[in-house]
Amino acid sequence: MLEKTLTAFVTVLAGVGAALALFWILNKVSELLPAKYEERLKPWFYILPAYAAIAIFVLYPAVQTVIYSFKTKVGFPAEDWVGLKNYQDLLGSDAFRGTLLNTLLWIAFVPAAVVVLGLLVAVLADRLATRGENAVKTLIFMPMAISMVGAAVVWGLVYDYRPPGRPQVGLLNGILDGFGAGPVAWLQENTLHFNSFLLMVMLLWMNVGFAMVLLSAAVKGVPTETLEAARIDGANERSVYFSVVLPQIKGTIVTVFITVLIGVMKVFDIVFVMTNGNFDTNIIGNEFYLQFFNNNNQGAAAAIAVMLMLAVIPIMIYQVRNFRAEEAAR
Amino acid sequence: MRITRRTRRTAVATLAASTLALTAAACGGDGGSGGDDGGPVTIWMSLDQTVVDGIQKQLDVKAEEAGIEVEIERVDGIDKLIKTKIQAGDTPDIALLPQPGVVASVVELGAAFPIDDVVDTAALEESMVPGALEAGTVDDELYGLLVSMNVKSLIFYPKKAFEKAGYEAPETLDDLTALADQIKSDGGTPWCLTMESGDATGWVATDWMEDLVARYGGVDAYNDWVTHDIPFDDPAVQEAGAYFEDVALTEGNVLGGAKAITATPFTEAAKPMFDAEGPSCWMLKQGSFFVGPDFLPEEVYANLDEELGVMGFPAAESGGENPVVGGGDLAVLMSESEDAKKAMELLSETDIGNEAAPVSSFISPHTDFDTSLYPNETTRDIASVAYESTAFLFDGSDSMPAEVGAGSFWKEMTAWLNGDQDIDEALTNIESSWPSS
């Protein structure tokens with residue numbers, strides 16, 4: 001125990017020490033330069049380690065992934081260049097196209113629903129007395145603190161199914177049973193992607209709290225003068241909300257929407273734990289995992305990652321622009 | 001498959017921990033590895049602790065007589081661990097590996113020694129369940145020695161009600177269909193078939209298929225099917241699929257109907273057989289691991305011999321080939337020291353399980369094992385299913401490439417049973433998912 005503590009202590013010291021030493025050396029190097037250049041170049045010297053870290057841990061793997069996506073069985077004796085075959089195979093398979101469709105459904109539904117529900121809670125809770133507001137917000141925020149896999153255990157109990165005539169353990173089927181209706185195999189029912197939507201509900205449950213906190217802060221930040229002015233001008237509550245409050249919190253709404261959107265594109269755990277993509281619920285996060293870890297098909301997995309990356313980039317660019325515009329407006 | 005799947009998953013979690021522990025042990029200087037160091041012979045296994053203790057106890061006695069010292073260490077997920085340990089050059093003298101595929105890859109890595117001259121193969125051929133030696137053979141040399149086994153080709157039934165209704169154990173697959181029809185005409189539901197298993201959903205169906213393929217195709221076709229020397233959707237497999245379809249999707253055959261198969265957890269399958277008002281379903285095909293407190297109602301587990309009946313999955317034809325599918329642990333010699341060879345010889349003796357059998361789920365692969373040592377009638381019945389079989393086959397999907405054996409085979413069978421495609425589509429899809437290299 002003592003040995004371990006000491007090791008940990010020394011490691012931390014060494015790490016911090018090395019960082020300090022690095023910056024000290026960079027500082028010294030910059031001081032060697034003529035005074036004119038020193039001032040100009042010092043910031044670059046200071047930011048260099050951070051850029052180096054990004055290059056090593058983000059850019060290099062990203063480039064590597066793109067390269068892998070043109071290969072098969074990376075790291076195995078069978079490793080070989082296959083050109084666009086990974087992409088062709090994926091996009092040519094019905095199963096993968098179904099997976100893409102499901103992912104699109106998630107993208108279309110979840111972020112919008114999170115924003116709408118989050119706003120609703122934020123605005124309604126805002127009308128409550130402080131204590132009530134806190135209680136409501138705490139409750140809604142709580143699922144945020146549960147891990148995705150933990151959530152899957154909770155929702156596994158909600159959607160649990162037992163054959164007709166057996167004691168129903170699941171919450172929903174228990175309720176149906178109470179009304180004398182037969183049990184429904186919730187997660188197996190894929191007409192109109194019903195089961196996919198049930199899985200999306202889980203993500204809503206976890207994310208609405210996050211949206212609520214940010215949006216609530218934004219709603220509270222709306223200057224009361226503007227609201228009063230609108231009311232004095234005779235606006236009813238609905239037009240106050242839509243014409244005065246919403247425009248003033250648009251920036252936050254966009255931020256929440258995009259954060260959730262990027263989260264949705266990467267979603268994996270919920271589907272993996274609940275169905276593993278069976279019953280027509282697969283999404284690309286799970287397909288990536290299966291290809292990489294289960295099938296040892298690193299090429300196809302990399303191709304999926306590249307497609308995901310390409311899809312995320314425009315959103316990231318939009319988000320960065322949006323952020324800059326906000327900063328500039330401030 | 002269920003068991004290995006679990007091990008696989010816990011392996012990931014415990015790999016780091018056990019690696020640390022083992023490294024520490026090796027650094028501690030107890031000479032755990034390498035063989036010729038004159039220390040005790042080390043054996044690694046991932047069996048249940050009770051089995052490990054039992055084997056150690058019996059081995060201690062035998063080792064003392066033989067003048068050697070043997071130390072068993074229980075490790076987690078040895079199928080993964082052994083490969084990292086081979087790379088690190090830190091191997092035990094003997095390792096018990098859970099699948100023939102793992103044995104083959106250890107041989108491929110050059111870490112195993114053939115044991116044809118170490119153990120008495122002629123006598124073992126005589127005493128072990130047929131097929132046991134073939135399972136441990138790589139490139140015509142014997143590397144893996146089956147030490148313990150489990151059986152999957154079993155049908156469990158509620159003994160009291162079954163006998164009261166006058167039903168009899170079927171001898172052929174046709175008899176089995178006839179029995180199911182009889183149960184239906186008596187107003188019952190013949191099959192308890194449930195297979196939801198989280199991210200591993202599908203293995204129950206692949207176990208069914210393996211048994212049926214072994215029956216319709218025979219041992220050779222089964223082995224060719226596993227190694228893909230015949231297409232996955234070979235006519236024998238289609239025949240197997242047709243039989244399974246008849247079992248699973250015929251109206252009134254399965255408790256809860258077709259939808260219930262994929263939706264109900266596999267752990268729940270046995271419970272309806274023991275309902276107070278009589279069995280809600282009558283037959284359950286599962287592996288020997290199902291005889292456990294997690295899967296059976298408490299009262300049943302407490303009175304196994306009176307409550308739970310077990311019979312072998314019937315043969316295709318009466319008097320014909322009657323293989324069983326199962327799993328087991330194969331001892332592999334990883335050191336050339338004389339002591340290790342001696343220990344290997346001791347492991348091949350029939351009475352090595354004498355202390356383990358009475359206190360655990362241990363089943364000996366030796367047909368001359370003293371069956372009175374098994375703790376109950378149920379275990380004796382399970383063992384005799386294997387002892388009377390014409391061949392012991394290892395779980396095929398474990399030996400298939402992971403994208404099939406733990407991928408498309410599970411998923412396509414699940415989609416078929418859920419009504420999203422027909423059996424032919426499922427088999428074709430699995431065939432096309434077989435990796436080309």
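## Exercises on domains and contacts

**Exercise 1.** Find the domains of chain A and say how many Å separate their centres.

*Solution.* Start with the assignment: chain A has domain 1 (2-53) and domain 2 (85-329). This is a predicted model, and the next step uses its C-alpha atoms. Taken over those atoms, the centres of domain 1 and domain 2 of chain A are separated by 41 Å.

**Exercise 2.** Do the same for chain B, then describe how domain 1 of chain B touches domain 2 of chain B.

*Solution.* Step one is to note the bounds, each in two pieces: domain 1 of chain B covers 40-151 + 326-394, and domain 2 covers 154-323 + 397-433. Step two is the spacing, with the C-alpha centres of these two domains of chain B 28 Å apart. Step three looks at contacts, where 17 residues of domain 1 of chain B meet 18 residues of domain 2 of chain B. On the domain 1 side, at least two residues each come from helix H4 (100-108), strand S6 (144-151), helix H15 (377-387) and strand S11 (391-394) of chain B. The largest share, 5 residues, belongs to H15(B). Sorted by class, that side holds 8 nonpolar, 7 polar and 2 charged residues.

**Exercise 3.** Work out which elements of chain B touch chain A.

*Solution.* First, the contact itself: 23 residues of chain B are in contact with 21 residues of chain A. Next, the elements of chain B giving two or more residues to this side are helix H11 (258-263) and helix H17 (402-417). H17(B) provides the largest share, 7 residues. Finally, this side of chain B divides into 7 nonpolar, 10 polar and 6 charged residues.

Methods: Residues are numbered from 1 along each chain as its sequence is written. Chains are lettered from A and ligands numbered from 1 in the order in which they are written. This is a predicted model: local features need pLDDT of at least 70, side-chain atom pairs count only at pLDDT 80 or more; totals for chains, interfaces and linings use all residues. Two residues are in contact if their C-beta atoms, placed from the backbone, lie within 7 Å. Helices (H or I, at least four residues) and strands (E, at least two) are DSSP runs, numbered from the N terminus. Ala, Val, Leu, Ile, Met, Phe, Trp, Tyr, Cys and Pro count as nonpolar, Asp, Glu, Lys and Arg as charged, and the others, Gly among them, as polar. Domain bounds come from an automatic or database domain assignment.
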